[in-house]
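Here's a structure to explore at your own pace. Take a look at the sequence and the model first, then read on.

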Amino acid sequence: MPARESTLLQSWHHNARSWIEAIRTGAIESRQQVTDQAILLAVMGRQPERVLDLGCGEGWLMRALADRAIEAVGVDGDPTLVEAARGAGSSTVHVASYEELVEAKVNVGNDYDLICANFALLHQDIIPLLAAMNALLVPGGTLVIQTLHPWTAAAGDYQDGWREETFAGFEGQWQPMPWYFRTLSSWLNALDMAGFRLVTLQEPQHPQSPVPQSLVLVAERRESSQL
Ligand SMILES: C[S@@+](CC[C@H](N)C(=O)[O-])C[C@H]1O[C@@H](n2cnc3c(N)ncnc32)[C@H](O)[C@@H]1O
C-alpha cells in the first residue's frame, strides 16, 4: 500500500473510538442537518433489496437501511469500527482494507442491488476499487457515492491532490488524516473508467447555507455492450 494510503487507514485505527463517539452523539452538524438524509434518500430511491455499505464505519447507515427492511452488509478496514457496527446490531460486517477488496482477498458477497460509499472514498487510486465493486453488483446495479463537494472543499485550490484533515473542532484525540481531493471531472472520469454510467448528480444543501454540503453521485453498472 502506498505510504499516504497506509497513513490514511492507520489514522482510522487511531481515531476509531473518537469517530464512534462523534457519530453516535450527533456531533457533526452537516450530517444531522443534510447529508445523512441525502444518502439515505439516494439509496432508498433506487429501491434496493440488498446493499453493500463500503467503508461502513460504525454502521449507522446499515442500521437505518435495516430499519427500512433493506438487507445491508458492511465492510470496513478498521476492526474497532466493524466491532462497533456488529455490537449495534448489524450481523454481517466484514473487516477488509480496500486493497484486499481489489485483490479479492476477502469475500464480501456478490449480487448486490446497490453499493454505497458514504464519505468513505478518501484515497487516491479509487478506480481499481470501484471496478472491483462493479463486479459485485447485479446487472444494472447501482453505485451511490456521497463525498465532500469539490467546490466547497477546494479552498481555492481546485486540482486533484492530497490534503490533510486535522479534525479541528472535534472533541477527543484525533490523528490527522491524509485524504485525496478530486475535482468533479476527476470523480466522473473515475466512474467511467470503472465501468459505471452516471445517472444523477445531487448537491444537497441546507437552506441557510450558501454552499452545498456534499456531492452525491448515483451511477449504474454499465453493461459490456455499452463499454
Ligand atoms: C469518514 S468515515 C465514513 C464511515 C461511514 N461510511 C459513515 O458514513 O459514517 C471513512 C471510513 O472509511 C474507512 N476506510 C478508509 N480507508 C480505508 C481503506 N483503505 N480500507 C478500508 N476502509 C477504509 C474508514 O475505516 C472509515 O470507517
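What follows is a short tour of the ligand's surroundings, a run of paired strands and two helices.

## Around the ligand

One thing to keep in mind as you look: this is a predicted model. Start with the ligand, which has 20 residues around it. The closest are Trp12, Gly55, Gly57, Gly77 and Asn118.

Which helices each supply at least two residues of this shell? They are H1 (3–24) and H3 (60–67). H1 gives the largest share, with 4 residues. Sorted by class, the shell holds 12 nonpolar, 6 polar and 2 charged residues.

## Strand E4 and its partners

Now find strand E4, residues 112–118. Is E4 mostly covered or mostly open? Mostly covered: 6 of its 7 residues are buried.

E4 pairs with strand E1 (residues 50–54), and the two run parallel, joined by 3 bridges. To spot this pairing, look for Val51, whose bridge partner in E4 is Leu114. E4 also pairs with strand E5 (residues 137–147), again in the parallel sense, over 6 bridges. Here you can look for Ile115, whose partner in E5 is Leu143.

## Helix H6, between two strands

Follow the chain from E4 through helix H6 (residues 127–134) to E5, and you've traced a right-handed β-α-β unit.

Which residues of H6 are buried? Leu129, Leu130 and Met133 are. If you look down the axis of H6, its buried residues fall within an arc of 95°, so they line one face of the helix. A bit of helix geometry helps here: an α-helix has 3.6 residues a turn, so residues three or four places apart point the same way. And what do the buried residues of H6 pack against? The list is E1, helix H5 (98–102), E4, E5, helix H8 (184–193) and strand E8 (196–202).

## Helix H4, with two sides

Helix H4 covers residues 79–87, and Leu81, Val82, Ala84 and Ala85 are buried there. These residues span an arc of only 160° around the axis, which puts them on the same side of H4. Among the elements covering them are H1, H3, strand E2 (71–76) and strand E3 (93–95). H1 and H3 should ring a bell, as they also supply residues to the shell around the ligand.

What about the face of H4 turned away from its buried side? It carries the exposed residues Pro79 and Gly87. After H4 comes Gly89, whose phi is positive, near 120°.

Technical notes:
Residues are numbered from 1 along each chain as its sequence is written. This is a predicted model: local features need pLDDT of at least 70, side-chain atom pairs count only at pLDDT 80 or more; totals for chains, interfaces and linings use all residues. A residue is near a molecule or strand if its C-beta atom, placed from the backbone, lies within 6 Å of it. Ala, Val, Leu, Ile, Met, Phe, Trp, Tyr, Cys and Pro count as nonpolar, Asp, Glu, Lys and Arg as charged, and the others, Gly among them, as polar. A residue is buried if 20 or more other C-beta atoms lie within 10 Å of its own, exposed if 12 or fewer, and partly exposed in between; C-beta atoms are placed from the backbone. Two strands pair if DSSP finds at least two bridges between them. A crossover is right-handed if, with the strands pointing away from the viewer, the path from the first strand over the helix to the second runs clockwise. The arc is that of the directions from the helix axis to the C-beta atoms. Two residues are in contact if their C-beta atoms, placed from the backbone, lie within 7 Å.
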